[in-house]
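Please look at the sequence and the model below. The text after them explains how some charged side chains pair up.

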Amino acid sequence: MTPATATRKVTVRCSSCGRMNRVDLNRLANGPKCGGCGTPLPLDRPLPATGADFDQTIGSAEVPVLVDFYADWCGPCHMMAPTLDALAADKKGQVLVLKVDTEKDPALATRFDIRGLPTVVAFKDGKESGRQVGVAQRPVLERLLGL
């Protein structure tokens, strides 16, 4: 297989019905939809993740994953959100960007020893490959992802 035709799949949860869906990123132009309810799966923006789906999503991703650990009350998290949104949109199909609300999922934040917000953690082949604590500019995030 050439790099252009190599498989690049991710497993993401449908925000409407909660079903886990395996998506072939090489076929994003077809507009992936949930296999259960038919809702579009928007991979051009950060997707919410929880302890219920985190391991499956990270472990099955065939592209680098960037996870934003944040809280709604965190001013710096709000400052960084547009950068993460733009990265997800611009690198759609090449990376997966997830968001974990540390207030709603404190066990996941504890598991990854999140001590400051925002913290972004990069994963490759299901394993942590780097992290950044505090607001980061896009070049920093791209380096974390190996882009």
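What follows goes through several salt bridges one by one and then turns to one further residue.

The model is predicted. Side chains of opposite charge can pair when their charged atoms come close. With a cut-off of 4 Å between a side-chain nitrogen of Lys or Arg and a carboxyl oxygen of Asp or Glu, the count comes to nine salt bridges.

One of these pairs is Asp-53 with Arg-13, whose closest N and O atoms are 2.8 Å apart. Arg-13 belongs to strand 1 (residues 9-13), while Asp-53 sits in the loop between strand 3 (47-48) and helix 1 (54-60), so this salt bridge ties together parts that are 40 residues apart in sequence. The two partners can also be described by their accessibility. Asp-53 has a relative accessible area of 4% and is buried, because buried means under 20%. Arg-13 has a relative accessibility of 33% and counts as partly exposed.

A second pair involves helix 1 itself. Asp-55 forms a salt bridge with Arg-111, and here the closest N and O atoms are 2.6 Å apart. Asp-55 lies in helix 1 and Arg-111 in helix 3 (residues 106-111), so the contact ties together parts that are 56 residues apart in sequence. Asp-55 is partly exposed, at a relative accessible area of 44%. Arg-111 is partly exposed too, at 49% relative accessibility; both values fall in the partly exposed class because that class lies between 20% and 50%.

Further along the chain, the side chains of Arg-131 and Glu-128 meet in a salt bridge, with an N to O distance of 2.9 Å. Arg-131 counts as partly exposed at 32% relative accessibility, and Glu-128 counts as partly exposed at 39%.

Salt bridges can also share partners. Asp-90, Arg-138 and Glu-142 are joined in this way into one network.

The last residue to look at is Thr-7. Where does Thr-7 lie relative to strand 1? Thr-7 is in the segment before strand 1, the strand that contains Arg-13. With a relative accessible area of 39%, Thr-7 is partly exposed. Thr-7 can be set against Val-121: the two are 114 residues apart in sequence, and their C-alpha atoms are 23 Å apart in space.

How values were computed
Residues numbered from 1 in each chain as written. Predicted model: local features only at pLDDT ≥ 70, side-chain atom pairs only at ≥ 80, totals over all residues. Heavy atoms only, no water. Helix = DSSP H or I, 4+ residues; strand = E, 2+ residues; numbered from the N terminus. Buried < 20%, exposed > 50% of the residue type's maximum accessible area, 1.4 Å probe, protein only.
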